[in-house]
Amino acid sequence: MLNNLAAQSRQEQQPGPVQRAEQTNDYFFTFTTENGTRLLLHALSDKILRFRYLTPGSPAEPDFSYAVPSVDDAHPTFPRVPTFLEFKEKSDHYRLTTARLICIVWKDSLRTRVLDRSGTILSADEKGFHWHHDDDTGNDIVKMSHQVPSGVCYYGLGDKPANSNLRGQRFVNWGTDNYGYQKGADPLYKNIPFYQVLHQRIAHGIFFDNTFKAFFDFAAERADVTSFWAEGGELNYYFIYGPTLLEVSEEYTCLTCPPPLPPLWALGYHQCKWSYFPEGNVQEIALGMRERRIPCDAIYLDIDYMDGYRCFTWHPQHFPEPKRLVQDLGQQGFKLVVIIDPGIKIDPSYPVYQEGLAQDFFCRRADGPLMRGSVWPGQCHFPDYTRPAVREWWANLFEGLIKDVGVRGVWNDMNEPAVFERGTFPDDVRFDYDGQPCSHKKAHNIYGMQMARATNEGVARFSYPNRPFTITRSTYAGGQRYSSGWTGDNIASWEHLWLANIQCQRLSISGFSFIGSDIGGFVDQPSGELYARWIALGAFHPFFRTHSSGDHGDQEPWSFGEPFTSLVRSFIELRYQLLPYMYTTFWQYSTHGTPMLRPLTFLDQNDPETYLRMAEFSLGDNLLVCPITQAGADGRWMYLPKGQWYYYWTDELKTGGAEVWAAADLTRIPLFIRAGAVVPMQPVLQYVGEKQVEELTLHVYYKAGTVESVLYDDGGEGYAYQQGQQTIRRFTVAGDATTLTLTQYIEGDYQPSYATYRVVLHGLPTAPVAATADGQPVDLGTCSDTETTVAAPALVVSANLKTLKVEIEPVPTSSAK
């Protein structure tokens, strides 16, 4: 008789019929099958359901997540309970109903189906939950498969350099140092297992909170099935209802918690290179910016500022007096940002190594030896950032850099983690995992996130009362709480300019909005034209930094000569003028999880024309951008969402729902403003805080109808905003045939530096004849010196304005003959 038990253990397993169902408390339900499989179903809110599957015989692990904060740390806008909940048993299924959703659990198989309250099927299991055992690791490989309805689209999944619609593609999440990656390369540095589904103009999201190597198949292998699976852990996912794509992204981001507000200077222009050294070179870069009147807030130091690449040290010859350098730069308005990698050089005379070794803070292999691997310093050990005591130690290491020297920001690199010998750690490396010991297979994807967490804690601690600024290359879902990011080691090519646009949009809708690319490309050197076009795009990305490899030539804004220096300057100046708008958009992200960059589909998911388009995106509520990504182009065709839009450079009014030609030589990027919008702009500054902003310009775009806009301000530094020292200014524009009315409602106690608004009126159908501000007459002027040189009426009013009413000439009507 042959023994086939081993073969059976490797076969695919499924739950089987449900034996019992019980409500374990008000919002938790447990379903148990005949073979012992369990589904723990949790209604987090009216719009979010959590599905947690346990294989037979496996105890429920501690309910712990690096992505989803505990109830005590949850975002204040995130609802903690549903407003309505009903649970019923039917003949062949169980039915859970919230105010927005219906969830069916079939008795014969534990398969599920989720519908909206009108009965539209949003998600339906195909095979549903299934698994097979991995004898090599002892883990269960857990899988979920859903049906693919006709016409469905998939978006999101974080850092994937591929077409926006994921349908027909397969991806893996396993953070990887992918130098000079190409379009379609996978995996990359970040691991965000969240995607959105759009079907029948209704959207929902799936967040698979599992840190093992995970796979996602969007109808690639089988056209009628989409699936996701992981090489261990639980099949634990959240169903997130919209019904709009924007709401799905907001709900997910609030579930995993958006970041606090950054210092305003972090939204300025940053200059970086591998590497600026010695200190004389850094001073030359700073002087070059100021002499050429190119605005810049931050200069970065890569690994060559260190002594033998040892973290938390300074090269004694290259940077003999770092505190003096920081002070000199600070007097010119520059903040210094330095790189810190996870590899700690094995050097008995190196204090950081001595401390980590003495306190057993470094990762070990399964049999006990310390993990060793080569990175820039040579042979290194690596801190276990999943251990609270290690994070605390790491945070305290920043006292010297931040408090003593005056460094203003820290940049974490190589934290996938990357090692030269084999790419990353071996699978048997052990981690504490916050009291739940595990191997590298489970901890790999969150290593960079936990390093960024510890770094951010240290920078915040020693920057106080200033806000911290950190940037990371690798992260996991929820990592936006700790850091900004960039898209890694890209290439100076037109294709990578195209990719930068797609990747930043995708990361933004995946909860990680504080994102940008290495402008101009890290690998190789761009032409002046490519660099100018990339700067033009980067000016509309939240993180705005040029970064390049020292191996490939200079890449400063003046490196390509004229006319490119002037072109680059003009776009950087535009960014600084738009900082009030950019900061407001970040406030919307920080308070409501609203993605800062929104793909075209997010602007109108009822229009199928938007589903496959990738180039166009909005920054915030009112700016629509479409970069030029081909050499020699003098414009491009682009699609405008429904509604009315003004071309920024000419004030020409276009009607959406159609393709339009946007003329854009090198002095322009295709940029449209939503009709009815109020776009705040400030004077050009060489750096944030260079001088007090005494007047803000409000660009008001006429619309026949009513549109609301918002402006947020808190001074851009410190924490007083958390105690109410902020101002939220809500504008309403109402236009008709004879008047344009601007009303303002002010909330908050913060008094901004500006006392007046310069209101510029765009798109009036006829000439203005009179204006009143809060009932008092206001002089009308005509200005020809707007940012785009388009002449437009302008007037000056108090920043505490309540109502501005502009009367316009009646539109003449032709008499019939």
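**Exercise 1. Place asparagine 178 and find what its side chain meets.**

Start with the fold: asparagine 178 sits in the loop that joins β12 (170-173) to β13 (194-199). Those labels are DSSP runs numbered from the N terminus, with helices (H or I) of at least four residues and strands (E) of at least two. Before going further, note that this is a predicted model, where local features need pLDDT of at least 70, side-chain atom pairs count only at pLDDT 80 or more, and totals for chains, interfaces and linings use all residues. Residues are numbered from 1 along each chain as its sequence is written, and side-chain values use heavy atoms, with hydrogens and water left out.

Next, list the neighbours, taking contact as heavy atoms within 4.5 Å. Skipping residues up to four places away in sequence, asparagine 178 touches Ala185, Pro187, Leu188, Tyr189 and Asp489. Then zoom in on proline 187: its backbone oxygen is 3.2 Å from a polar atom of the asparagine 178 side chain.

**Exercise 2. Work out the surroundings of leucine 40.**

Step one is the element: leucine 40 belongs to strand β3 (residues 38-43). Step two is the contact list, which, leaving aside neighbours within four places in sequence, holds Phe29, Thr30, Arg50, Phe51, Arg52 and Leu54. For a long-range check, try tyrosine 611: C-alpha to C-alpha, leucine 40 is 35 Å away from it in space, and the two are 571 residues apart in sequence.

**Exercise 3. Split the chain into domains and describe where domain 2 meets domain 3.**

First get the bounds, which come from an automatic or database domain assignment. They give domain 1 (10-200 + 202-242), domain 2 (597-673) and domain 3 (692-808). Over C-alpha atoms, the centres of domain 2 and domain 3 are 25 Å apart. Eight residues from domain 2 and nine residues from domain 3 make the contact.

Now the area. Together, domain 2 and domain 3 bury about 830 Å², with 54% of it on carbon and sulfur atoms; buried area here is the accessible area (1.4 Å probe) that two parts lose on being put together, summed over both. On the domain 2 side, Tyr646, Tyr648 and Asp651 supply 58% of the area buried against domain 3, more than any other three residues.

Last, the chemistry. Two residue pairs are in polar contact across this interface, both at pLDDT 80 or more. That term means a pair of N or O atoms within 3.5 Å; within protein, one must be able to donate a hydrogen and the other to accept it, and residues adjacent in sequence count only if both atoms are side-chain atoms. Salt bridges (a side-chain nitrogen of Lys or Arg within 4 Å of a carboxyl oxygen of Asp or Glu) number zero between domain 2 and domain 3.

**Exercise 4. Count the salt bridges and trace one of them.**

The total by this rule is 43 salt bridges. One of them pairs the side chains of glutamate 12 and lysine 143, at 3.8 Å from N to O. Now map the partners: glutamate 12 is in the loop between α1 (5-10) and β1 (18-25), and lysine 143 is in strand β10 (residues 140-147). The pair thus links distant parts of the chain, 131 residues apart.

**Exercise 5. Hunt for unusual backbone values.**

Begin with omega. The peptide bond from tryptophan 274 to serine 275 is cis, with omega near 0°, and serine 275 lies in the loop between β18 (269-271) and α3 (279-291). The bond from phenylalanine 277 to proline 278 is also cis, with omega near -5°. Proline 278 falls in the loop between β18 and α3.

Then turn to phi. Phenylalanine 312 has a positive value of about 70°, although it is not a glycine. Its place is the loop between β19 (298-301) and α4 (322-331).
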